[in-house]
Amino acid sequence: MQASESTVDPSEIAKFEAMAAEWWDPSGKFKPLHMLNPCRLDYITGQIAGEFGRDRGTAAPFAGLRILDIGCGGGLLSEPMARLGAEVVGADAAEKNLPVARIHAEQSGLTIDYRHTTAEALAAAGEQFDVVLNMEVVEHVADPLSYLTACRELLKPGGLHICSTINRNPKSYAMTILGAEVIMRWLPRGTHEWSKFITPEELIDLLQRSGVEPVDRKGFVFNPLSWSWSISARDLSVNYVTASVKRG
């Protein structure tokens with residue numbers, strides 16, 4: 001497959017365009033993502049700081065780094081990266097997400113380059129980044145390997161690829177589809193397709209075949225008693241995240 005060919009699944013894009021206006025409503029359809037976001041950010045910033053030798057305690061620790069947030073949605077990750085000093089490109093195949101993201105960034109006094117485009121198109125244009133954030137996207141594309149290969153092409157040598165997704169097992173079905181979509185009604189029914197979920201072993205294999213070296217993986221674990229998320233080194237049973245490096 002040529003890099004310019006798209007792995008975008010139009011039916012998946014339509015789902016998220018229908019919810020675009022609610023990205024920044026912490027009680028709306030993206031409530032689960034707002035709840036998870038602090039945990040995601042802790043992992044992401046820790047991996048970036050470790051890989052590039054940055055001190056998260058400084059004013060702009062990611063200054064000089066170019067970061068791509070692919071599948072950026074309303075900018076829930078793009079904005080924190082910009083606040084930490086990075087040059088951020090937020091890309092999304094769902095065009096209706098981008099006005100929401102642009103307006104919120106402007107209101108927040110942040111400069112973020114939001115684009116209606118795909119990983120494949122960016123790779124074909126020769127774009128290069130120090131970090132590619134690929135969070136909760138791979139389970140929505142038509143061809144995960146081709147998509148991940150495009151993400152690898154977007155990395156500079158030594159670049160860092162952070163990819164999160166959802167495991168495929170009975171527990172993930174119960175929590176993500178029955179829990180979030182049917183019982184809690186946080187998301188419209190049909191937002192996720194269980195058959196598209198990817199096990200950690202499958203994702204590690206896909207990442208290696210795409211040409212990057214996986215260096216870390218962790219689980220994001222929801223505690224219904226404390227109603228909060230945490231990072232786990234052992235529990236990858238539902239939500240999980242990986243870090244990979246492009247060598248050479």
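This passage walks through a predicted model, from its annotated sites to its cores and aromatic rings.

A good place to start is the UniProt record. In this unreviewed entry, the annotation "binding site" covers Arg40, Gly71, Asp92 and Met135. The same kind of record also carries the annotation "domain: Methyltransferase type", which covers residues 68-163. Over residues 68-163 the chain is 34% helix and 30% strand, and the end C-alpha atoms of that stretch are 12 Å apart.

Two of the annotated residues, Gly71 and Asp92, can be followed in some detail. Gly71 sits in the loop between β1 (66-70) and α3 (78-83). Is Gly71 buried, exposed or partly exposed? Its relative accessibility is 32%, so Gly71 counts as partly exposed, because buried would need a value under 20% and exposed a value over 50%. Setting aside residues up to four places away in sequence, Gly71 touches Ala91, Asp92 and Val137. One of these partners, Asp92, is itself in the annotated set.

Asp92 belongs to strand β2 (residues 87-92). With a relative accessible area of 7%, Asp92 is buried, since that value falls under the 20% cut-off. The strand around it is mostly covered too: five of the six residues of β2 are buried. Once neighbours within four places in sequence are left out, Asp92 is in contact with Gly71, Cys72, Gly73, Asn97, Leu98, Arg115, His116 and Thr117. Two of these partners deserve a closer look. A polar atom of the Asp92 side chain lies 2.7 Å from the backbone nitrogen of Gly73. The Asp92 side chain also makes a polar contact of 3.3 Å with the side chain of Asn97. Asn97 is part of helix α4, and its relative accessible area of 1% means that Asn97 is buried.

Strand β2 also has a strand partner. β1 and β2 pair in the parallel sense, over five bridges. Within this pairing, Arg66 stands opposite Glu87 in β2.

Next come the nonpolar cores. In soluble globular proteins, nonpolar side chains tend to be buried together. Which residues of the largest nonpolar core touch the most other members? Out of its 31 residues, they are Ile44, Ile48, Phe62, Ile67, Met81, Leu133 and Ile162. Several elements feed into this core: α2 (31-52), α3, α4 (97-107), β4 (129-135), β5 (155-166) and β8 (239-245) each supply at least two residues. The biggest giver is α2, with seven residues. Ile67 shows what the surroundings of one core member look like. Not counting residues up to four places away in sequence, Ile67 touches Ile48, Phe62, Met81, Ala86, Glu87, Val88, Val89, Phe129, Val131 and Leu133. Apart from this core lies another one, of 27 residues, and among them are Ala91, Ala123, Tyr147 and Leu154. Ala91 has already come up as a contact of Gly71.

Away from the annotated positions, Asp216 makes a handy example of residues meeting across the chain. Asp216 is found in strand β6 (residues 213-223), and at 19% relative accessibility it counts as buried, because the cut-off is under 20%. Asp216 and Thr242 are 26 residues apart along the chain, yet their C-alpha atoms are separated by 5.6 Å. Leaving out residues up to four places away in sequence, Asp216 touches Tyr43, Gln47, Val241, Thr242 and Ala243. With Tyr43 there is a polar contact as well, joining the two side chains at 2.6 Å.

Last come the aromatic rings. A pair of such rings is described by the distance of the centres and the angle of the planes. The count in this model comes to four aromatic pairs. How are the rings of Trp23 and Phe30 arranged? Their centres are 3.8 Å apart and their planes are at 10°, so the pair is stacked. Both Trp23 and Phe30 are buried. For Phe222 and Trp227, the centres are 5.1 Å apart and the planes are at 70°, so this pair is edge-to-face. Phe222 counts as buried at 17% relative accessibility, whereas Trp227 is partly exposed, with a relative accessible area of 40%. Ring pairs also bring in Trp229, linking Phe222, Trp227 and Trp229 into a cluster.

Key
Residues are numbered from 1 along each chain as its sequence is written. This is a predicted model: local features need pLDDT of at least 70, side-chain atom pairs count only at pLDDT 80 or more; totals for chains, interfaces and linings use all residues. Side-chain values use heavy atoms; hydrogens and water are left out. UniProt positions are given in the numbering used here, feature names are shortened, and annotations may be inferred rather than shown by experiment. Helices (H or I, at least four residues) and strands (E, at least two) are DSSP runs, numbered from the N terminus. Buried means under 20% relative accessible area, exposed over 50%, partly exposed in between (1.4 Å probe, protein chains only). Contact means heavy atoms within 4.5 Å. A polar contact is a pair of N or O atoms within 3.5 Å; within protein, one must be able to donate a hydrogen and the other to accept it, and residues adjacent in sequence count only if both atoms are side-chain atoms. A nonpolar core is a set of buried Ala, Val, Leu, Ile, Met, Phe, Trp, Tyr and Cys residues joined through side-chain atoms within 4.5 Å. Rings of Phe, Tyr and Trp (its six-membered ring) pair if their centres lie within 6.5 Å; planes under 30 degrees apart count as stacked, over 60 as edge-to-face and the rest as tilted. Two strands pair if DSSP finds at least two bridges between them.
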